[in-house]
Amino acid sequence: MAEPGNRGGNDDSRSPWLRNGFVLAVAFIGFVAVIGVAVLVSSDAPEGGSTAASSTPGADARTGQPPPSAAAHRGDCPGLDDTGRKVPAAPPEGVDWKLFHSVALPSSKAAGPAVVEKDVARCYAHTPLGALLATSQISVRYLAADDWQGVTRAQTVGEGREPYLKARAASERTADPEALDGAAQGQIAGFDFVSYTGSTAVIRTVWRFQDGRMQAASTTVLWRDGDWKLEYPADPPAPAPVDSLAGYVEWGGV
């Protein structure tokens, strides 16, 4: 995750994605520059999914979006040992951390991801731990991955997905690589389950930046087509600064 560097003006003067906390909620250093420098075109993007998508056969009834490309993988996920139904109240056991574009991401043999195909890490246990791992992995991968479009289409759902794909693709054509110097890298530092059901998990993740500051961002994953998918709403919730990890489970790979 990353936050913008020093940019003049208040929130209202910035791109809608910055104003709504999109970058701070789920972004990573590689994309901060793209948004901060060239994503002004996103202000012209539609608020929700396209009209054509809403009429696509097999479209998601709630979001109106076409089913993610990962639908082709239905049923091919291997069985996982994790069957726990309680949300973690302590750092989960059996979790390994591996760097993905400089961000430490967690995985578990018992809870997933059981399948990693290039940039897509999928097949998570239908459990709270599986949801936590999916949230951590997907929220970074769909922004940091080289094939960010493939990850986004395969592992996100919601009204904000198509506008994001269109606006980011347009932005990257004119992005200034030097703006990368204005971003500050962050790492996972803790988590808290806001709610969990068999179909939906809302999780607050705390990100710690290199200068010691921390921010908490809420993300939602939905159980769809036999796996957890990250929900991309039209108006992502803004993150909040936190002074300590009190009330959160301290958890991180670096």
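**Group meeting: aromatic pairs and a helix packing**

Okay, let me start with a cation over a ring: the charged end of Arg-141 sits over the ring of Phe-100, at 4.2 Å from the ring centre. Before I go on, keep in mind that this is a predicted model.

Quick overview, then. The protein has 254 residues, and 50% of them count as buried. The secondary structure is seven helices and 12 strands. If you take contacts between residues at least 6 apart in sequence, 66% of them join residues at least 24 apart. For the surface people, the accessible area is about 11,500 Å², with 49% of that belonging to carbon and sulfur atoms.

Now, back to rings. How many aromatic pairs does the structure hold? There are 10. Take Tyr-142 and Tyr-232: the ring centres are 5.8 Å apart and the planes are at 75°, and because anything over 60 counts as edge-to-face, that is what we call this pair. In sequence these two are 90 residues apart, with Tyr-142 in helix 5 (residues 128-144) and Tyr-232 in the loop between strand 10 (227-231) and strand 11 (240-242). Both partners are buried: Tyr-142 has a relative accessible area of 2%, and Tyr-232 comes in at 4%.

Another edge-to-face pair is Phe-191 with Trp-251, at 5.3 Å centre to centre and 80° between the planes. Here, too, distant parts of the chain are linked: Phe-191 is in strand 7 (residues 184-196), Trp-251 is in the segment after strand 12 (249-250), and they are 60 residues apart. Phe-191 is buried at 1% relative accessibility, and Trp-251 is buried at 5%. These two also belong to a cluster linked by ring pairs, along with Trp-97, Phe-193, Tyr-196, Trp-223 and Trp-228.

While we're at Phe-191, have a look at Thr-205, which touches it. Thr-205 lies in strand 8 (residues 200-209) and is buried, with a relative accessible area of 6%. Leaving out residues up to four places away in sequence, its other contacts are Thr-135, Ile-188, Gly-190, Gln-215, Ala-216 and Ala-217.

Next, the helices. What is the angle between helix 5 and helix 6? They pack at about 140°, with their axes 7 Å apart. Roughly antiparallel would need over 145, so this pair goes down as oblique. On the helix 5 side, the residues involved are Ile-138, Arg-141 and Tyr-142, and they meet Trp-148, Val-151, Thr-152 and Gln-155 in helix 6. So we're back with Arg-141, the one over the Phe-100 ring, and with Tyr-142 from the edge-to-face pair.

Helix 6 covers residues 148-155, and its buried residues are Trp-148, Val-151, Thr-152, Ala-154 and Gln-155. The cover over them includes helix 5, plus strand 5 (120-122), strand 6 (156-157), helix 7 (161-172) and strand 10.

Last bit: backbone oddities. The peptide bond from Gly-112 to Pro-113 is cis, with omega near 0°, and Pro-113 is in the loop between strand 3 (103-108) and strand 4 (115-117). Lys-118 isn't a glycine, yet it has a positive phi of about 55°. Cys-123 isn't one either, and its phi is positive at about 70°.

Are those two buried or exposed? Lys-118, in the loop between strand 4 and strand 5, is exposed, with a relative accessible area of 81%. Cys-123, in the loop between strand 5 and helix 5, is buried at 1%.

That's it from me.

Note on methods:
Residues numbered from 1 in each chain as written. Predicted model: local features only at pLDDT ≥ 70, side-chain atom pairs only at ≥ 80, totals over all residues. Heavy atoms only, no water. Phe/Tyr/Trp six-rings, centres within 6.5 Å; stacked < 30°, edge-to-face > 60°. Helix = DSSP H or I, 4+ residues; strand = E, 2+ residues; numbered from the N terminus. Buried < 20%, exposed > 50% of the residue type's maximum accessible area, 1.4 Å probe, protein only. Lys NZ or Arg CZ within 6 Å of the ring centre and 35° of its normal. Contact = heavy atoms within 4.5 Å. Areas by Shrake-Rupley, 256 points an atom, 1.4 Å probe, with all protein chains shown as cover. Axes fitted to C-alpha atoms, helices over the stretch in contact; angles between N-to-C directions. Parallel < 35°, antiparallel > 145°, perpendicular 65-115°, else oblique.
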